[in-house]
Amino acid sequence: MYCPRAGSDLLPATQDVDMASLPVEVLMGIYLGLLVGVIPALVSWALGFSFKYFTGITVPGFGVVVLAIALAGVSGGLMALADKSITQAPNAERVITAIILVGMVSLYAHSKGDQLGATFPKRLSLQGLREKKLSADVVEFVGGRDEVRIRIVGDVADMEGYPPLSEPLRADIRNEEWRFPADLRIGELERRMEERLKSEFDLGDASVSIDEQGQATVVAAPPFSGLSKRVGDNRHAVSVEALLPTGLARNDEVTVLTEDAQVRGTVVSARSDPVADETPAETPTEPEIADTDAPPTPVRAPTTDGGEGRLTVAVTRTDVQPLLRSARPKVVVEPRGTHREYELVSLLRRAGNRFRRLTVRTDGPLDGTTLRDAHVRETYDVAIAAIRTPDGWQVAPRGDAVVEAGDELYAIGRRTDLDAFAEAVA
């Protein structure tokens, strides 16, 4: 009599137990999926990366998921979701949740491996990393074009083997504003910044390392050897008293007109005579108040203020005596470049060509041979624009030009061709 009643009483109790156990089974399934899905995820990542890196092919995600579930120990992969022995098992919820989680984790790992394989450099080297560009976050629009501002982080370090930098010079370097075109590679930015450091601050040597965020680490050596360091080979420095134009700076090309000659040379130093202060010494003046909020004044190459002064110019040996005999020479500034030259460089760069300065190594393929015998253009697909030897320059050298170890070559070509040429001869 009481059986139907008892059965009806037990049915709701069984349903409560099933509903209470479902969340627990799902949680256990997630735990099981994470536990057994580590190895399938690693295999999926390796497959995605390897196929994309070596062949450029993306493995279908469906196949990766099937393989991952099979590796997890479920025979048949996705077919396990239709297997009655699994779907009707007492812990079916747990197993099905684990299978789905393993598939999702493996698919995600495969996607990341495929992305890394597409972006990973095929030839990983320090030179390759230097050829990367700065992050787009540091590009600024200044004066109608994109520029990057390089910031020196930390202190300017002293270069090993050289005397330490003075604190004022260290502060000037740190406060300088460094701006360059945004399309330059990191390696080219480092080279340009090193050249500017050595030219603007007359440093003995400099080394710059720049990261993708435009932050530079600078190691520098103080100026040494003074004037003799700035005078080139086969040149002599001569000082004269003359009327100097305003804005004359180091490395300007000038013509000094004397009574019996016209001497062309390069300015190595120039200084205008100080103008006497007309304010009486006893007149009190208001103290200057420093504006702490104003940005630091950028350091620029020193220039003359005009008027009478002393000019030191580097000239050839035959031009020394005319300058020394002159009582009142006149200084004429020569132009340093024309727009056509800059337009030519711009056209070459737009065509994908770059410039590279290389030093020929000893026992290399170019050491002691001519450009024609080395087949430079045919083998490396680059053109030699100039050769600098201890005896001087050879601009647009012919095929019979002999190249020796230590000579500097100025080559023009595409970046990949220049890299191959540099590895072979430099």
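**Exercises on salt bridges and a sheet**

At 34% relative accessibility, D158 counts as partly exposed (buried is under 20% relative accessible area, exposed over 50%, partly exposed in between, with a 1.4 Å probe and protein chains only). The model is predicted, local features need pLDDT of at least 70, side-chain atom pairs count only at pLDDT 80 or more, and totals for chains, interfaces and linings use all residues. Residues are numbered from 1 along each chain as its sequence is written, and side-chain values use heavy atoms, with hydrogens and water left out.

**Exercise 1.** Find which residue forms a salt bridge with D158, and place both in the fold.

*Solution.*
1. A salt bridge needs a side-chain nitrogen of Lys or Arg within 4 Å of a carboxyl oxygen of Asp or Glu.
2. The partner is R170, with the closest N and O atoms 3.2 Å apart.
3. D158 lies in strand β3 (residues 157-158) and R170 in helix α7 (residues 167-175), so the pair ties together parts 12 residues apart in sequence. Helices (H or I, at least four residues) and strands (E, at least two) are DSSP runs, numbered from the N terminus.
4. R170 is buried, at 6% relative accessible area.

**Exercise 2.** State the order of the four strands in the open sheet, and its edge strands.

*Solution.*
1. Two strands pair if DSSP finds at least two bridges between them.
2. The order is β12-β17-β14-β15, with antiparallel pairing.
3. The edge strands, β12 (353-359) and β15 (392-395), each pair on one side only.
4. Within the sheet, five bridges join β14 (residues 383-389) to β17 (residues 408-414), and A383 stands opposite I412 in β17.
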